[in-house]
Amino acid sequence: MSPGGRVALIGYGHPARGDDAAGLLVARRLRGMLPAEVEVREVIGDGTALMEAWSGCDRVVVVDAVVSGAPVGTVHRLDGRRLSGAGDFRSPSSHALGLQEAIRLAETLGRLPGKLDIIGIEGRRFETGEAAGPEVQEGIARAAAVLLDEFGGRGDAGGQGPGAY
């Protein structure tokens with residue numbers, strides 16, 4: 001982890017829309033396990049709420065469900081500053097302004113953090129009232145373990161360790 005500056009890990013999604021809860025579940029799993037300088041946040045609102053959550057941060061990691069055609073549960077890591085033009089990924093947001101749109105808008109407004117990483121967990125089921133599926137649960141555990149290691153946290157996030165994407 002780089003010294004200085006505000007750092008945030010943001011779980012993004014909707015708790016009652018199946019696999020869309022993936023980002024929130026990673027954030028909940030890591031809360032209290034990361035160093036104090038890493039602020040763990042959850043964003044359920046649209047992209048404007050996401051932009052507000054990363055406001056003033058120098059480094060941000062957003063964890064969200066994505067759809068790219070990869071096997072369900074696959075964990076992707078993307079440079080968020082390049083995601084605005086990526087056509088291969090989409091965030092299954094239930095709001096008018098999703099992840100990619102928030103990044104585009106923040107870029108236009110000069111409100112992107114200095115470093116923005118996206119951890120995308122491949123999802124399939126986004127129906128209201130559904131729980132995250134078993135493959136996505138495995139992806140959540142892998143993503144949490146990698147982030148725990150990356151940020152120098154403590155404990156076991158329930159994954160298979162770094163490189164287990």
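**A five-stranded sheet and its helices**

Glycine 152, just after helix H5, takes a positive phi of about 70°. The model is predicted. Another glycine shows the same sign: glycine 32, just after helix H1, takes a positive phi of about 85°.

The protein chain holds five helices and five strands. Along the sequence they follow the pattern β-α-β-α-β-β-α-α-β-α. Of the 165 residues in the protein chain, 51% are buried. Contacts between residues at least 6 apart in sequence were also examined: 73% of them join residues at least 24 apart.

The five strands form an open sheet. Their order is E2-E1-E3-E5-E4, and the pairing is mixed. Strand E2 (38-43) and strand E4 (75-79) are the edge strands, each pairing on one side only. On average, neighbouring strands of this sheet are turned by 20° against each other, direction ignored. Helix H4 (residues 99-109) packs on the sheet, where it touches strand E1 (7-12), E3 and E5. The direction of H4 makes about 170° with that of E5.

Strands of a sheet pair through backbone hydrogen bonds, in either a parallel or an antiparallel sense. Here, E1 pairs with E2 in the parallel sense, over six bridges. Within this pair, leucine 9 stands opposite valine 40 in E2. The chain passes from E1 through H1 to E2, and this β-α-β crossover is right-handed. E1 also runs parallel to E3, joined to it by five bridges. There, glycine 11 stands opposite valine 63 in E3.

E1 is largely enclosed by the rest of the structure, because six of its six residues are buried. Val7, Leu9 and Gly11 point one way from E1. Ala8, Ile10 and Tyr12 point the other way. Both sets are buried.

Strand E3 spans residues 59-66 and includes arginine 59. Is arginine 59 buried or exposed? Its relative accessibility is 10%, so arginine 59 counts as buried; the cut-off for this class is under 20%. The side chain of arginine 59 makes a polar contact of 2.3 Å with that of glutamate 150. On the sheet, E3 pairs with E5 in the parallel sense over eight bridges. Alanine 65 stands opposite isoleucine 121 in E5.

Strand E5 comprises residues 115-122. E5 is mostly covered, with seven of its eight residues buried. E5 and E4 run antiparallel and are joined by five bridges. Valine 75 has isoleucine 121 as its bridge partner in E5. Isoleucine 121 thus appears in two pairings, opposite alanine 65 and as the partner of valine 75. Leucine 78 stands opposite isoleucine 118 in E5.

Isoleucine 118 lies in strand E5. Its relative accessibility is 0%, so isoleucine 118 counts as buried. Isoleucine 118 and arginine 77 are 41 residues apart in sequence. In space, their C-alpha atoms are 5.7 Å apart.

Helix H1 covers residues 22-30. Its buried residues are Ala22, Gly23, Leu24, Val26, Ala27 and Leu30. The elements that cover them include E1, E2, E3, E5 and H5.

Helix H5 (residues 134-151) has 18 residues. From first C-alpha to last, H5 reaches 26 Å, close to the 26 Å expected at 1.5 Å a residue. The buried residues of H5 are Val136, Gly139, Ile140, Ala141, Arg142, Ala143, Ala144, Ala145, Val146, Leu147, Leu148 and Phe151. What do the buried residues of H5 pack against? Their partners are H1 and strands E1, E2, E3, E4 and E5.

Key:
Residues numbered from 1 in each chain as written. Predicted model: local features only at pLDDT ≥ 70, side-chain atom pairs only at ≥ 80, totals over all residues. Heavy atoms only, no water. Helix = DSSP H or I, 4+ residues; strand = E, 2+ residues; numbered from the N terminus. Buried < 20%, exposed > 50% of the residue type's maximum accessible area, 1.4 Å probe, protein only. Polar contact = N/O pair within 3.5 Å; in protein donor to acceptor, adjacent residues only side chain to side chain. Pairing = 2+ DSSP bridges. Axes fitted to C-alpha atoms, helices over the stretch in contact; angles between N-to-C directions. Contact = heavy atoms within 4.5 Å. Expected span 1.5 Å × (residues − 1). Right-handed = clockwise from strand over helix to strand, strands pointing away.
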